[in-house]
Amino acid sequence: MKGMSIIVKTIANFTFPFILIYGLYVIAHGHLTPGGGFQGGAVVASGLGLMLVAYGSEWISKRIKEHDLSLLESLGALAFIGVAFCGIIFGGVFFSNFLVGTGNLFGGIPLNGAADINSGGTLPLMNFAVGMKVIAGLFAIILVMALATLKKEDAI
Amino acid sequence: MNGLETIMNHAPALIIAIPLLGAFLTPLISRVNEKLRNVFVICILGITALLMFVLASEVFTSGPVTYVFGSNLQAVQQNTVIRILFEVDGLSAFMGIISIILAFVASIYSWGFLEKETGLDKYYTLLLLMTAGMLGMVLTGDLFNFFVFLEITSIASTALIAFWTNKEKAIEAGFKYIVVSTIGALFILFALALLYGQYDALNIAKLANSITFTFLDKIALILFITALAMKGGIVPMHMWLPDAYSRAPASISLVLVAATQASIYGVFRVVFTLYGNVISLPQISIGWILVILGLITMLVGVIMAMIQTDFKRLISYGAVAELGYMFLGVGTGLTVIANSNPQITLISQPFAFEAIKGGIFHIINDALDVGLLFMVAGAVYLATKETSINKLGGLARNMKYTTIFFIIGLLAISGLPPMNGFASKLLIYESTFQLNPILSIIAILSSIMLLAIFVKIFQSVFLGPKIPKFDKVKEAPKSMLLAMGIVAAIIIFFGLFPDLIITNIVEPAANALIHNEQYLQWLIGGV
Amino acid sequence: MIANIPFIAVALLVIVGLYAVIFRKNLIKMIIGITIIESGVNLFLITLGYREGSIAPIYTSAPEGVMAYPVPQALTLTSIVIGVAVLALMLSLVIQLYRHKKTLDVRKFGGDDQ
């Protein structure tokens with residue numbers, strides 16, 4: 001599909017970073033406020049959808065290929081299940097939270113009513129992995145559907 | 001060895017996690033090399049099969065095994081169960097063995113069957129995801145977890161049914177399958193929410209302990225049985241099954257049989273374990289409902305199979321008829337267990353236990369027989385590109401091994417000795433005769449009609465004069481013959497030693513179904 | 001009576017969704033019907049977690065008061081994610097079907113071999 005007029009493109013350029021920052025904020029604070037991997041990923045994918053509608057699918061598909069999105073999605077999924085397997089090695093049970101209480105990254109102790117972003121253990125790591133996968137997956141769906149309605153001259 | 005001990009302790013989690021890990025690694029490996037990916041998939045399924053056999057041998061000898069996800073602390077805190085719990089008892093291990101054998105054979109079969117197609121990296125990813133979903137459905141002890149794995153399985157199998165996107169019939173079959181499947185799953189979620197709202201628990205053992213048979217519980221039971229039977233292909237909700245089985249690739253029909261049987265497992269789990277303490281109240285007689293559904297399924301399946309001319313569609317109607325035998329066997333046992341008359345117990349009517357054993361043994365026999373027949377149909381399609389039995393003929397000269405495998409499958413599905421179908425069907429005939437002779441007569445008639453239908457196919461497709469168009473067809477590739485050989489060997493082994501299988505594998509499963517105190521043991525004793 | 005309004009809304013949504021799936025002939029309308037049923041079931045799950053006069057179950061700088069149950073909210077979130085995946089798959093299948101047959105009428109499909 002073709003892009004829209006220059007006014008729409010300028011406003012989309014202006015609002016896209018704000019949507020990105022808001023989506024990443026929702027992903028990163030998933031263990032404190034409502035949100036998490038899927039919700040933040042859906043917000044960022046909507047921002048990318050805004051760019052797709054403003055600039056046209058031909059312009060976007062020259063710059064972002066479905067091949068790379070598939071690679072990003074696999075990496076996100078592997079990171080998620082890698083952290084889950086580390087639960088067996090370090091914690092004793094599958095999916096166990098082996099980082100909480102120690103002093104490493106994300107290792108603070110969650111207090112009742114006053115927790116900060118440094119607590120939570122493996123939850124923020126899993127939130128980032130799921131967020132990456134959701135961004136890549138949802139945008140790949142939107143991009144492939146936009147391209148599918150384009151090729152009318154192919155037989156199948 | 002300490003490593004082996006650790007692996008056996010974590011076996012329920014690893015059985016789900018290793019196919020998931022393989023599914024996420026497959027797109028990366030297929031960018032490197034194609035043959036490496038095929039070998040990788042077969043290895044992953046082989047490792048999972050080994051773990052499943054180890055877990056099953058432990059469960060069959062010493063009772064249910066539980067596994068708590070997420071922490072080492074106790075799962076029961078202040079009288080509520082707070083984490084996801086996997087509970088593997090005899091019936092779960094039995095269904096897990098069926099699923100992993102069929103998935104392993106399907107991955108070997110796909111090497112030869114789909115060698116010249118494109119888009120195969122997504123095919124293998126979806127196959128591994130579907131295996132993980134099926135195994136999760138049968139191993140879990142938590143109702144909402146069952147719903148999530150059910151949806152994973154149905155999404156993955158829809159994409160696999162519509163694999164040949166250049167044929168519009170396959171896409172239409174996939175669409176029909178997902179609409180029916182989603183409505184069924186949403187009804188299951190609704191019934192689950194009804195139970196959660198009353199008792200504040202999602203764990204099957206905790207619910208079974210605290211359930212009383214209120215009006216909302218009756219609605220939830222009816223919704224569960226209807227939705228799970230709709231997903232399992234029981235008449236009158238079987239409309240999607242012939243389309244989905246016949247238009248999918250043959251290796252996917254194989255795994256789809258295991259997926260529909262996992263839904264039948266869901267019916268048994270809900271009726272016997274979840275409602276097990278209240279099933280003997282005299283309000284509904286669920287046993288007779290299951291028996292009537294089984295009879296109708298058998299009759300409709302056989303009658304519709306007689307008029308088909310498409311090879312795989314005929315086999316799928318035969319699969320529908322075989323589902324009726326399972327419900328007939330287990331329903332006969334349930335009429336004795338659910339009887340409120342204290343004179344009629346399991347001890348005084350021994351035919352009920354035989355009926356349940358026959359019904360459960362028939363699950364694995366049906367999966368193997370129908371799987372072998374689908375694989376033969378796939379081999380014929382690969383060689384001749386033709387599916388209508390009116391246009392085929394005289395193939396026995398060129399495809400010798402395929403003909404032998406078809407004869408084995410034919411004998412097994414009609415219940416003739418020395419194949420495994422004979423052992424399970426004999427148990428069902430004997431026990432249903434003592435409940436009511438008419439049931440047994442209808443079952444025997446259906447078997448005879450199935451034999452007649454499949455002999456007709458055999459004569460039409462494999463015997464007969466040579467057709468000049470099919471003069472140069474070659475035998476099926478080696479990997480497909482290997483897959484068919486594995487399943488045929490298991491069929492003959494089960495047929496020659498049925499007693500060994502029944503005492504070691506089927507009886508613990510039947511015991512686990514009837515005595516649901518074993519399932520609640522960890523809750524009452526403390527984890 | 002006021003407290004029962006969400007349950008009446010759930011019943012209405014499920015009935016309207018079932019009507020759309022069973023009696024409509026356009027493929028897109030059937031998909032919308034499935035989405036309506038799913039919204040109804042999600043609403044039912046969230047309504048179960050409410051307690052009289054409760055606040056949202058968030059611990060960060062929470063005011064005094066009894067909290068609503070958080071478990072049904074987690075179940076509803078999982079159900080919404082599953083609904084998105086199913087919706088994407090169904091729409092892709094409809095796009096492919098439209099390419100083959102150039103029509104969205106469900107009566108034109110099917111009916112070749114028994």
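The following exercises, each with a worked solution, concern a predicted model.

**Exercise 1. Overall form of chain B**

Task: Determine whether the radius of gyration of chain B agrees with that of a compact globule, and describe the make-up of the chain.

Solution:
- Step 1. The secondary structure of chain B consists of 20 helices and 4 strands.
- Step 2. A compact globule of 527 residues would have a radius of gyration near 24 Å; the value for chain B is 22 Å, which agrees.
- Step 3. The C-alpha trace of chain B spans about 75 × 60 × 45 Å along its principal axes.
- Step 4. Of the 527 residues in chain B, 60% are buried.
- Step 5. Among contacts in chain B with a separation of 6 or more, 81% are between residues 24 or more positions apart.

**Exercise 2. Overall form of chain C**

Task: Apply the globule rule to chain C and state what the radius of gyration implies.

Solution:
- Step 1. Chain C contains 3 helices and 0 strands, and its pattern along the sequence reads α-α-α.
- Step 2. For 114 residues the globule rule gives 13 Å, whereas chain C has a radius of gyration of 20 Å, well over that value; chain C is therefore more spread out than a compact globule.
- Step 3. Along the principal axes, the C-alpha trace of chain C covers about 65 × 30 × 20 Å.
- Step 4. Buried residues account for 25% of the 114 residues in chain C.
- Step 5. Of the contacts in chain C between residues at least 6 apart in sequence, 47% link residues at least 24 apart.

**Exercise 3. Helix 13 of chain B**

Task: Compare the span of helix 13 of chain B with the expected span, and establish how many of its residues are buried.

Solution:
- Step 1. Helix 13 of chain B covers residues 311-337, which is 27 residues.
- Step 2. At 1.5 Å a residue, a span of 39 Å is expected; from first C-alpha to last, helix 13 of chain B reaches 41 Å, close to that value.
- Step 3. Helix 13 of chain B is mostly covered, with 27 of its 27 residues buried.

**Exercise 4. Phe94(B) and the packing of helix 4 on helix 19**

Task: Classify Phe94(B) as buried or exposed, then characterise the contact of helix 4 of chain B with helix 19 of chain B.

Solution:
- Step 1. Phe94(B) belongs to helix 4 of chain B, residues 90-113.
- Step 2. Burial requires 20 or more other C-beta atoms within 10 Å; Phe94(B) has 25 and is therefore buried.
- Step 3. Beyond its neighbours within four places in sequence, Phe94(B) is in contact with Ile360(B), Ile505(B) and Ala509(B).
- Step 4. The axes of helix 4 and helix 19 (residues 498-514) of chain B come within 7 Å and cross at roughly 135°. This angle makes helix 4 of chain B oblique to helix 19 of chain B.
- Step 5. Helix 4 of chain B contributes Gly90(B), Leu91(B) and Phe94(B) to the contact, while helix 19 of chain B contributes Ile505(B), Pro508(B), Ala509(B), Asn511(B), Ala512(B) and Leu513(B).
- Step 6. By class, the residues of this contact are 7 nonpolar, 2 polar and no charged.

**Exercise 5. Contacts between chains**

Task: Describe the side of chain B that touches chain C, and the class make-up of the side of chain A that touches chain B.

Solution:
- Step 1. Contact is made between 27 residues of chain B and 26 residues of chain C.
- Step 2. On the chain B side, the elements giving two or more residues are helix 6 (143-161) and helix 7 (168-199). Helix 7 of chain B supplies the largest share, 15 residues.
- Step 3. This side of chain B divides into 16 nonpolar, 6 polar and 5 charged residues.
- Step 4. Between chain A and chain B, the contact takes 14 residues from chain A and 15 residues from chain B. The chain A side has 10 nonpolar, 4 polar and no charged residues.

**Exercise 6. Backbone geometry**

Task: Locate the cis peptide bonds at Pro236(B) and Pro418(B), and examine the positive phi values of Phe95(A) and Asp200(B).

Solution:
- Step 1. Most residues other than glycine have a negative phi, and most peptide bonds are trans.
- Step 2. The bond from Val235(B) to Pro236(B) is cis, with omega near 10°; Pro236(B) lies in the loop between helix 9 and helix 10 of chain B.
- Step 3. Pro417(B) and Pro418(B) are joined by a cis peptide bond with omega about 0°, and Pro418(B) is in the loop between helix 15 and helix 16 of chain B.
- Step 4. Phe95(A), not a glycine, has a positive phi of about 70° and sits in the loop between helix 4 and helix 5 of chain A. Phe95(A) counts as buried because it has 22 C-beta neighbours inside 10 Å.
- Step 5. Asp200(B), also not a glycine, has a positive phi of about 55° and occupies the loop between helix 7 and helix 8 of chain B. Asp200(B) has 14 C-beta neighbours inside 10 Å and therefore counts as partly exposed.

Terms used. Residues numbered from 1 in each chain as written. Chains lettered and ligands numbered in written order. Predicted model: local features only at pLDDT ≥ 70, side-chain atom pairs only at ≥ 80, totals over all residues. Expected span 1.5 Å × (residues − 1). Buried ≥ 20, exposed ≤ 12 C-beta atoms within 10 Å, placed from the backbone. Contact = placed C-beta atoms within 7 Å. Nonpolar A, V, L, I, M, F, W, Y, C, P; charged D, E, K, R; others polar. Rg over C-alpha atoms; globule rule 2.2 N^0.38 Å. Axes fitted to C-alpha atoms, helices over the stretch in contact; angles between N-to-C directions. Parallel < 35°, antiparallel > 145°, perpendicular 65-115°, else oblique.
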